[in-house]
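Visitor: I am new to this structure. Please show it to me, and then I will ask how its labels are justified.

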Amino acid sequence: MVEWSDKERGIINSLFSTLDYEDIGSKTLSRCLIVYPWTQRYFANFGPLYSAEAITTNPNIAAHGVKILHGLDRAVKNMDNIKTAYTELSVLHSDKLKVDPDNFTLLSDCLTIVIAAKMGSAFTPETQATFQKFLAVVVSALGKQYH
Amino acid sequence: MTTLTARDKATVKEFWSKIGDYAEDIGRDALSRMIVVYPQTKTYFSHWSDLSPGSAPIKKHGMTVMNGVADAVTKIDDLTAGLLNLSELHAFTLRIDPANFKIAAHNILVVMAMMFPVDFTPEVHVAMDKFLAAVARALAEKYR
């Protein structure tokens with residue numbers, strides 16, 4: 001089981017309670033598709049992705065980015081048992097969506113950078129460490145049911 | 001992974017012209033962050049008196065690293081040849097595991113996003129990510 005200090009729990013809860021899901025979610029997914037273009041393979045039916053501008057203004061991508069970000073809420077509510085909480089989602093990503101789990105890290109790197117840009121100096125080294133630890137646990141949980 | 005396109009190089013040079021003056025701040029913050037977020041990187045700095053964020057040794061070394069990056073920008077058309085000496089230094093003297101180049105690059109990108117949220121667009125992000133990866137490859141050239 002992953003150990004969380006009170007300080008770490010505070011950082012995660014505070015970050016997510018003030019999160020602008022619409023803004024951060026849409027920016028994160030579009031950034032991921034631009035910075036790591038091979039991730040576009042999972043979004044062939046989402047409409048135009050032929051340029052950075054097309055991706056950034058694509059409403060389907062924006063909406064899906066928000067959906068993905070809300071997928072993290074489950075981890076925030078179940079910090080002491082993220083692995084179990086993500087069992088179904090892991091099966092979904094493996095069996096139905098067939099997403100290579102390496103992509104989870106790419107998306108979480110983009111999320112870190114988008115949040116850093118939003119928070120500026122408030123994104124302290126300690127906040128970054130806690131946030132990246134949190135994302136790493138979620139990424140691991142999402143990959144657990146792959147077979 | 002891939003070579004830098006003409007557009008990548010132009011994007012990197014343009015972005016660097018905006019941020020180059022802040023290299024010291026970027027280096028100090030990126031290195032401070034790396035040591036906190038990736039504690040295993042501390043193993044390379046056991047000879048420093050003070051590893052707290054923003055300390056004097058970190059500030060100095062952050063500048064050293066960013067001077068290397070600035071130099072790489074000027075040699076962007078042939079990084080392997082241009083960074084030969086630095087590669088030999090890292091391979092034979094410093095012997096830093098190349099996995100750490102990726103970690104350092106990530107933290108440099110995070111600090112760039114924080115300090116330049118408007119300029120660090122997705123297009124600039126991908127060009128800088130590719131550039132830092134190319135620098136890492138050039139640095140690892142002499143390892144074996």
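**Labels and their reasons**

Guide: In this predicted model, the side chains of Glu8(A) and Lys133(A) are joined by a polar contact of 3.1 Å.

Visitor: What makes the 3.1 Å pair of Glu8(A) and Lys133(A) a polar contact?

Guide: The pair of N or O atoms must lie within 3.5 Å, one able to donate a hydrogen and the other to accept it. The value for Glu8(A) and Lys133(A) is 3.1 Å, so the pair counts as a polar contact. The side chain of Glu8(A) also reaches the backbone nitrogen of Ser5(A), at 2.9 Å.

Visitor: Where is Glu8(A) found, and which residues does Glu8(A) touch, not counting those up to four places away in sequence?

Guide: Glu8(A) is found in helix H1 of chain A, residues 6-17. With that exclusion, Glu8(A) touches Glu3(A), Thr130(A) and Lys133(A).

Visitor: Does Glu8(A) count as buried or exposed, and why?

Guide: Buried means under 20% relative accessible area. Glu8(A) has 17% relative accessibility, so Glu8(A) counts as buried.

Visitor: Why is the pair of Phe43(A) and Phe46(A) called edge-to-face?

Guide: A search of the whole structure finds 12 aromatic pairs over all chains. In the pair of Phe43(A) and Phe46(A), the centres are 5.0 Å apart and the planes are at 80 degrees. Pairing needs centres within 6.5 Å, and planes over 60 degrees apart count as edge-to-face. The values 5.0 Å and 80 degrees meet both conditions, so the pair is edge-to-face. Phe43(A) and Phe46(A) are both buried.

Visitor: What makes the pair of Phe15(B) and Phe120(B) tilted?

Guide: The ring centres of Phe15(B) and Phe120(B) are 5.9 Å apart, and their planes are at 45 degrees, so the pair is tilted. Stacked needs under 30 degrees and edge-to-face over 60. Phe15(B) lies in helix H1 of chain B and Phe120(B) in the loop between helix H6 and helix H7 of chain B, so the pair ties together parts 105 residues apart in sequence. Both Phe15(B) and Phe120(B) are buried.

Visitor: How many residues of chain A and chain B are in contact, and how many salt bridges does the rule find across the interface?

Guide: In contact are 21 residues of chain A and 19 residues of chain B. Across this interface the rule finds zero salt bridges, but seven residue pairs in polar contact. The side of chain A that touches chain B has 12 nonpolar, six polar and three charged residues. The area buried between the chains is about 1700 Å², of which carbon and sulfur atoms give 67%.

Notes. Residues numbered from 1 in each chain as written. Chains lettered and ligands numbered in written order. Predicted model: local features only at pLDDT ≥ 70, side-chain atom pairs only at ≥ 80, totals over all residues. Heavy atoms only, no water. Contact = heavy atoms within 4.5 Å. Buried area = accessible area lost by both parts, 1.4 Å probe. Salt bridge = Lys/Arg side-chain N within 4 Å of Asp/Glu carboxyl O. Nonpolar A, V, L, I, M, F, W, Y, C, P; charged D, E, K, R; others polar. Helix = DSSP H or I, 4+ residues; strand = E, 2+ residues; numbered from the N terminus. Buried < 20%, exposed > 50% of the residue type's maximum accessible area, 1.4 Å probe, protein only. Phe/Tyr/Trp six-rings, centres within 6.5 Å; stacked < 30°, edge-to-face > 60°.
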